[in-house]
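The following paragraphs lead the reader through a protein model, from individual residues to the chain as a whole. Please keep the sequence and the coordinates in view while reading.

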Amino acid sequence: MLSLSKKSLLFPSLNRRQWEWDIDKIMSQKLPDDVAMFLTKSIEALSEDVKASLCVLSCFGSSAETAFIKTLERLLQKTLLSNLDAAVEEGLLDKKDGRYHF
């Protein structure tokens, strides 16, 4: 859904207070054959800084606390939090209760 929204194929109508879409345009979209390909293309589209931050996060398991990431940021002298937030915006990470989750 995030992908459709980014392409303006799915959008909220404030006047009607409901979601609207163009089914013909949606159906004409080339969809990846599998989820792995979709994720690969999504990750490839990220900046190198965001990809590097995801690599750092991945070293610590499936999730990490924001406070821990702040400590890493200070020790490594690298920008991590804003890069991870960009990954959240792209739908590649979740951020909930002070933790980033794959």
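**From one side-chain contact to the whole chain**

A polar contact of 3.0 Å joins the side chains of E20 and R16. The model in which this contact appears is a predicted one. E20 belongs to strand β2, which comprises residues 18–21. Its relative accessible area is 18%, and because buried means under 20%, E20 counts as buried. Once neighbours within four places in sequence are set aside, the residues in contact with E20 are L9, L10, F11 and S13.

The loop between β1 (10–13) and β2 contains R17. The backbone of R17 has a phi near 55 degrees, a positive value in a residue that is not glycine. Most residues other than glycine have a negative phi. R17 is exposed, with a relative accessibility of 78%, whereas E20 in strand β2 is buried.

A second positive phi is found at D97, where the angle is about 55 degrees although the residue is not a glycine. D97 also occupies a loop, here the one between β4 (94–96) and β5 (99–101). The relative accessible area of D97 is 73%, and D97 is therefore exposed, as an exposed residue is one over 50%.

The helices may be considered next. Is S53 buried or exposed? S53 is placed in helix α4, which covers residues 48–58, and its relative accessible area of 3% makes it buried. Leaving out residues up to four places away in sequence, S53 touches T79, L80, N83 and L84.

T40 offers another view of a helical position, since it lies in helix α3 (residues 35–44). With a relative accessible area of 36%, T40 is partly exposed. T40 and S82 are 42 residues apart along the chain, and their C-alpha atoms are separated by 21 Å.

These local descriptions can now be placed within the overall arrangement. How many helices and strands does the protein chain have? There are 6 helices and 5 strands in the protein chain, and along the sequence they follow the pattern α-β-β-α-α-α-β-α-α-β-β. The radius of gyration of the protein chain is 17 Å, well over the 13 Å that the globule rule gives for 102 residues, so the chain is more spread out than a compact globule. The C-alpha trace spans about 50 × 35 × 20 Å along its principal axes.

Burial and contacts complete the description of the fold. Of the 102 residues in the protein chain, 23% count as buried; E20 and S53 are among them. When contacts between residues at least 6 apart in sequence are considered, 46% of them join residues at least 24 apart.

The last topic is the surface and the charges. The protein chain exposes about 7,700 Å², of which carbon and sulfur atoms supply 55%. The chain carries 14 positive and 15 negative charges, and the mean positions of these two sets are 3 Å apart.

Terms used. Residues are numbered from 1 along each chain as its sequence is written. This is a predicted model: local features need pLDDT of at least 70, side-chain atom pairs count only at pLDDT 80 or more; totals for chains, interfaces and linings use all residues. Side-chain values use heavy atoms; hydrogens and water are left out. Helices (H or I, at least four residues) and strands (E, at least two) are DSSP runs, numbered from the N terminus. The radius of gyration is taken over C-alpha atoms; the globule rule is 2.2 Å times the number of residues to the power 0.38. Buried means under 20% relative accessible area, exposed over 50%, partly exposed in between (1.4 Å probe, protein chains only). Contact means heavy atoms within 4.5 Å. Accessible areas come from the Shrake-Rupley method with a 1.4 Å probe; for residues, only the protein chains shown count as cover. Lys and Arg count as positive and Asp and Glu as negative; His and the chain ends are not counted. The place of a charge is taken as NZ of Lys, CZ of Arg, CG of Asp or CD of Glu. A polar contact is a pair of N or O atoms within 3.5 Å; within protein, one must be able to donate a hydrogen and the other to accept it, and residues adjacent in sequence count only if both atoms are side-chain atoms.
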